[in-house]
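User: I would like a close look at a single part of this protein, with the surroundings described in a connected way. Please keep the criteria behind each term explicit.

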Amino acid sequence: MRSDVITVQTGSRPTVRDITAEAQQFVSGEGDGLLHVFVPHATAGLAIIETGSGSDDDLLSALDDLLPTEDRWRHRHGSPGHGRDHVLPAFIPPYATLPVLGGRLALGTWQSICLVDTNGDNPTRQVRFSFLPA
């Protein structure tokens, strides 16, 4: 297995950051196998969605509806409503596994690998790519 970590800047507000290009670069030149993507953070997740057509903003809006930032969370350190950030990975998991065929990600036409980060208190994230050859 080959593994590497990249650093991603997500900023100070909720964001959906497309990391497909970085993932493709990691598996480029490999044969067939599996790419496992993991975010080692308690307040971020990974989603396979379409981006650039409003879906990324729709996802953030849906998360606001499902997990509002109001002061109702028992987990209270950090920014107001930060407790919701710690619940996020239960809905958007911190991992994804994708097929790789001939060194190319086998994603659908409109699918992208996205880091979802609602925690503005931590603007720098790590993402681990691991390739398991067939």
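Is Thr-118 buried or exposed, and at what relative accessibility?

Analyst: This is a predicted model, in which local features need pLDDT of at least 70 and side-chain atom pairs count only at pLDDT 80 or more, while totals for chains, interfaces and linings use all residues. Residues are numbered from 1 along each chain as its sequence is written, and side-chain values use heavy atoms, with hydrogens and water left out.

Thr-118 counts as buried because its relative accessibility is 6%, where buried means under 20% relative accessible area, exposed over 50%, and partly exposed in between (1.4 Å probe, protein chains only). Thr-118 sits in the loop between E7 and strand E8 (124–133); helices (H or I, at least four residues) and strands (E, at least two) are DSSP runs numbered from the N terminus. The protein as a whole has 3 helices and 8 strands, arranged along the sequence as β-β-α-β-β-α-α-β-β-β-β, and buried residues make up 41% of its 134 residues.

The side chain of Thr-118 makes a polar contact with the side chain of Asp-85, at 2.6 Å; such a contact is a pair of N or O atoms within 3.5 Å, and within protein one must be able to donate a hydrogen and the other to accept it, with residues adjacent in sequence counting only if both atoms are side-chain atoms. Setting aside neighbours within four places in sequence, Thr-118 is in contact (heavy atoms within 4.5 Å) with Pro-14, Thr-43, Leu-63, Arg-84, Asp-85 and Leu-88.

Among these partners, Arg-84, Asp-85 and Leu-88 belong, together with Gly-83, to the buried residues of helix H3 (residues 83–91). The buried residues of H3 pack against strand E4 (44–49), helix H2 (55–66) and strand E7 (112–117).

On the strand E8 side of the loop, Arg-125 lies in E8 and, at 0% relative accessibility, counts as buried. The side chain of Arg-125 makes a polar contact with the side chain of Asp-117 at 3.0 Å, and a polar atom of the Arg-125 side chain lies 3.4 Å from the backbone oxygen of Asn-122. Not counting residues up to four places away in sequence, Arg-125 touches ten residues' worth of surroundings that include Thr-43, Leu-115, Asp-117 and Asn-119; Thr-43 is also among the contacts of Thr-118.
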